[in-house]
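Let's take a walk through this protein together. Have a look at the fold before reading on.

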Amino acid sequence: MRLSTVILPIHRWSEGQKIWRRAEELGFHAAYTYDHLSWRSFRDGPWFGALPTLTAAAVVTERMRLGTLVTSPNFRHPVTLAKELISLDDISGGRVTLGIGAGGNGFDATALGQEAWTPRERADRFAEFVPLLDRLLTEGAVTHEGAHYSAVEARNVPGCVQRPRLPFAVAATGPRGMRLAARHGQGWVTTGDPKLFETGTPEQSRAALGEQLDRLAKACADAGRDVAELDKVLLTGFTPDRGRPLESVDAFVDFAGRHAELGFDEIVLHTPIPDSDFAADEAVFERIATEAPAQLNG
């Protein structure tokens, strides 16, 4: 079981760099950030770009992996994203994981002046976005004419430090997304079943997550791939457990252990933010980071 964190890009770098450095000092496997233009209750406050933030984080850390949870097609194009990711992978010395999803109906969906896409349109775009990005990160020159994205002799020399490219962690719960994870992912990400967040129980949530894992295994089998090849990542904070796993080390170890039994091998916690949905005791958070892995992996 690996323990990672999400650091929201809400701090000016004079303060933010201390948080990223501290995440590495605490021994987190990875530190991720959200790739949005603005997000939920943070919309009217500071919010910085994900890829510049990760680039700065790469300079002030040495060992910890870095990544997005998650990038989406809402305001990204595969050609420009590939160039930025290759640069980030180089600057970080090959420590980048790209979390990638289909996007949603948040503020990003209309920020460029477009109408919000329907779920079908998001799935269609995602199904074209991921394979094209895969090609752009592994081939020296790519030409593609698709329904939604085009590339004309797009050059990406020298490619990623990680070979054949940096890993994808595909966020998916539906059948089409699961197939993309099975074909192109080195990891799979979920936040659980959103329908259970308000009124469900932790037991119902774990059952739903177990069903998601079963669907992932089937998608991998259909693709001729062993599901064990994929990392299974749970981004916490969106299940009926809410903040309870951060109340104590014992509470977290119980939570993480139950999800490890389902098949998850990476748990991602939000770095605490006072006066928000991610408020938590900083001292308890740091104790979880430093003490829980030994209990889970002993």
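What follows is a tour from the central sheet out to the helices and the charged pairs.

One thing to keep in mind from the start: this is a predicted model. With that said, let's begin with the strands. Eight of them form a closed barrel, in the order S1-S2-S3-S4-S7-S8-S9-S10, and the pairing is parallel. If you go from a strand to its neighbour in this sheet, the turn between them is 25° on average, ignoring direction.

For one pairing in detail, take strand S1 (residues 2-6) and strand S2 (residues 30-33), which run in the parallel sense and share two bridges. Val6, for instance, has Tyr32 of S2 as its bridge partner. Helix H8 (residues 282-297) packs on the sheet here, touching S1 as well as strand S10 (266-270), and its direction makes about 160° with that of S1. Elsewhere, helix H4 (residues 119-138) lies across strand S4 (96-100) and strand S7 (168-171), and it runs at about 180° to S7.

Helices also pack on each other. Helix H6 (residues 202-222) and helix H7 (residues 249-262) meet at an angle of about 30°, their axes being 10 Å apart. The crossing of H6 past H7 is right-handed. H6 brings Arg206, Leu209, Gly210 and Leu213 to the contact, while H7 brings Arg258, His259 and Leu262. By type, that contact has three nonpolar, two polar and two charged residues.

Now for a loop. Between strand S3 (65-71) and helix H3 (78-91) you'll find Asn74. Is Asn74 buried or exposed? Its relative accessibility is 6%, and because buried means under 20%, Asn74 counts as buried. Beyond its neighbours within four places in sequence, Asn74 has contacts that include Ala102, Gly103, Asp108, Leu112 and Trp117.

Last stop: the charges. Side chains of opposite charge can pair when their charged atoms come close. This structure holds 22 salt bridges. One of them joins Arg22 to Glu286, with the closest N and O atoms 2.7 Å apart. That pair links distant parts of the chain, since Arg22 sits in helix H1 (residues 13-25) and Glu286 in helix H8, 264 residues apart. Arg22 counts as partly exposed, at 33% relative accessibility.

Two more pairs are Glu153 with Arg155, at 2.8 Å between the closest N and O atoms, and Glu229 with Arg225, also at 2.8 Å. Glu153 is partly exposed at 44% relative accessibility, and Glu229 is partly exposed at 47%. Finally, Arg2, Asp231, Asp265 and Glu266 are linked in a salt-bridge network.

Technical notes: Residues are numbered from 1 along each chain as its sequence is written. This is a predicted model: local features need pLDDT of at least 70, side-chain atom pairs count only at pLDDT 80 or more; totals for chains, interfaces and linings use all residues. Side-chain values use heavy atoms; hydrogens and water are left out. Axes are lines fitted to C-alpha atoms, for helices over the stretch in contact, and angles run from 0 to 180 degrees between N-to-C directions. Helices (H or I, at least four residues) and strands (E, at least two) are DSSP runs, numbered from the N terminus. A crossing is left-handed if the near helix is turned anticlockwise from the far one by less than a right angle, and right-handed if clockwise. Contact means heavy atoms within 4.5 Å. Ala, Val, Leu, Ile, Met, Phe, Trp, Tyr, Cys and Pro count as nonpolar, Asp, Glu, Lys and Arg as charged, and the others, Gly among them, as polar. Two strands pair if DSSP finds at least two bridges between them. Buried means under 20% relative accessible area, exposed over 50%, partly exposed in between (1.4 Å probe, protein chains only). A salt bridge is a side-chain nitrogen of Lys or Arg within 4 Å of a carboxyl oxygen of Asp or Glu.
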